[in-house]
Amino acid sequence: MKQPVSLVLSSGGSTGLAHIGVINELEKHGFQISSVSGSSIGSVIGGLYAMGKLPEFTAWVKTLDRKAIWGLMDFTFSTYGLLKGVKAFDKMKTFIPDMNIEEMNISYVAVASDIINEKEVVFNSGSFYEAIRASVAIPTILTPVKYKDTILVDGAVLNPIPIEHVVRKNNDILVVVNLYGDKKVELEKASLTNENQIPAQINGLIKTINKLVISGDKRTLWYFSLMKATTLAMVHKIAKQNIEKFKPDILINIPYDSSDTFDFHKAEELIKIGEVAANEAISKYIK
């Protein structure tokens, strides 16, 4: 019989596409994922796997270039965030219909943060898309979600690696994917996009947004840059504490600087990074 795995997928923006590579390697090595929990991008990838739709998502995300990603950005004049976060999920719904979490193939849990009551909200039933929309609501970037009598934001705010919420079995092993690993060693990169094909105005706007909102510079005082640096420091600390507390059987660390928040055009590269990191960690565990 295959070794059952309880899989925990951390938050981490587009770097979370590495989760796909990890899942590929786990299955390649004969492990059987019996349950999954995730925060932010981890909730997206984990839920898609649990509902059996990860191949469809992977095929789609590999087609995205910078221009396509720009087209999925629905800017808003709201003071609570830059993006509404509706376009991308509406596009996904055209080829991945919504599903109730309790009807998925395996146990699945998504985590969001209740900023009014300062506590985690765990989604283990109801709409998949409603759960992940709350879990990915990055403060100041994606608008928060009104939920019952409170407001929800990104699960990473309170629990970037929701280990305690994954459903465990007596004979399983705990596998955790941490997207806040040490800085990466440079890999040979293939050119996945051709910026010459992007209209100059759009390309310029994308670069401006990347500079001021996404990438950030700790030496500047730009508001979003400062917010990102502060948030990352907090999230890294919480993630490290969770890992030390629960001591996973297999810990797969993905370099935190593998990509910026919206670098989904790097899908091929990020999936490969996940496969390489997973293969190394699994081989070490087997030995």
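## Helix 1 and a distant neighbour

At 66% relative accessibility, Lys28 counts as exposed, because the cut-off for that class is over 50%. This value, like the others in this report, is computed from a predicted model. Lys28 belongs to helix 1, which covers residues 18–28. In sequence, Lys28 and Asn279 are 251 residues apart, while their C-alpha atoms are 9.4 Å apart in space.

## Strands 1 and 2

Strand 1 (residues 3–9) runs parallel to strand 2, and 7 bridges join them. One bridge can be placed by residue: Val8 has Ser37 of strand 2 as its partner.

Strand 2 spans residues 31–39. Of its 9 residues, 8 are buried, and the strand is mostly covered. Strand 2 also pairs with strand 4, again in the parallel sense, over 5 bridges. In that pairing, Ser35 is matched with Ser107 of strand 4.

## Strand 4 and its other partners

How many of the 8 residues of strand 4 are buried? The count is 7, so strand 4 (residues 107–114) is largely enclosed by the rest of the structure.

Besides its pairing with strand 2, strand 4 has antiparallel pairings with strand 5 and strand 8. Strand 5 comprises residues 119–123 and is joined to strand 4 by 5 bridges. Val111 stands opposite Val122 of strand 5. The two strands form a hairpin with 4 residues between them, and in this hairpin Glu118 takes a positive phi near 55 degrees. Strand 8 comprises residues 150–153 and is joined to strand 4 by 2 bridges. Asp114 has Leu152 of strand 8 as its bridge partner.

## From strand 2 into helix 2

The loop between strand 2 and helix 2 contains Ser40. Ser40 is not a glycine, yet its phi is positive, at about 55 degrees. Most residues other than glycine have a negative phi. Ser40 counts as buried because its relative accessibility is 6% and the cut-off is under 20%.

Helix 2 covers residues 41–50. Which of its residues are buried? They are Ile41, Gly42, Ser43, Val44, Ile45, Gly46, Gly47, Leu48, Tyr49 and Ala50. That makes 10 of 10 residues, and helix 2 is described as mostly covered. Just after the helix, Gly52 takes a positive phi of about 75 degrees.

## The buried face of helix 3

Helix 3 runs over residues 54–61. Its buried residues include Leu54, Phe57, Thr58, Trp60 and Val61. Why can these residues be said to line one face of the helix? Seen down the axis of helix 3, the buried residues fall within an arc of 165 degrees, so they line one face. An α-helix has 3.6 residues a turn, so residues three or four places apart point the same way.

The buried residues of helix 3 pack against helix 1, helix 2, helix 5 and helix 9. Helix 9 covers residues 267–286.

## Thr140 in strand 6

Thr140 is found in strand 6, which spans residues 140–142. Thr140 has a positive phi of about 75 degrees, although it is not a glycine. Is Thr140 buried or exposed? Its relative accessibility is 19%, and Thr140 therefore counts as buried under the 20% cut-off.

## Cavities

The model has 3 cavities of 30 Å³ or more. The largest cavity holds about 520 Å³ of space. Its lining is made up of 25 residues, and those nearest its centre are Ala88, Phe89, Leu142, Phe262 and Phe264.

Which helices each supply at least two residues of this lining? They are helix 2, helix 3 and helix 5, the last of these covering residues 87–93. Helix 5 gives the largest share, with 4 residues. By class, the lining of the largest cavity has 19 nonpolar, 4 polar and 2 charged residues.

Definitions and conventions: Residues numbered from 1 in each chain as written. Predicted model: local features only at pLDDT ≥ 70, side-chain atom pairs only at ≥ 80, totals over all residues. Heavy atoms only, no water. 1 Å grid on protein atoms, 1.4 Å probe; cavity = no way out; pocket = protein on both sides within 12 Å on 5 of 7 lines; lining within 4 Å. Points joined across faces, edges and corners; volume = space filled by probe spheres on them. Nonpolar A, V, L, I, M, F, W, Y, C, P; charged D, E, K, R; others polar. Buried < 20%, exposed > 50% of the residue type's maximum accessible area, 1.4 Å probe, protein only. Pairing = 2+ DSSP bridges. Arc of directions from axis to C-beta. Contact = heavy atoms within 4.5 Å.
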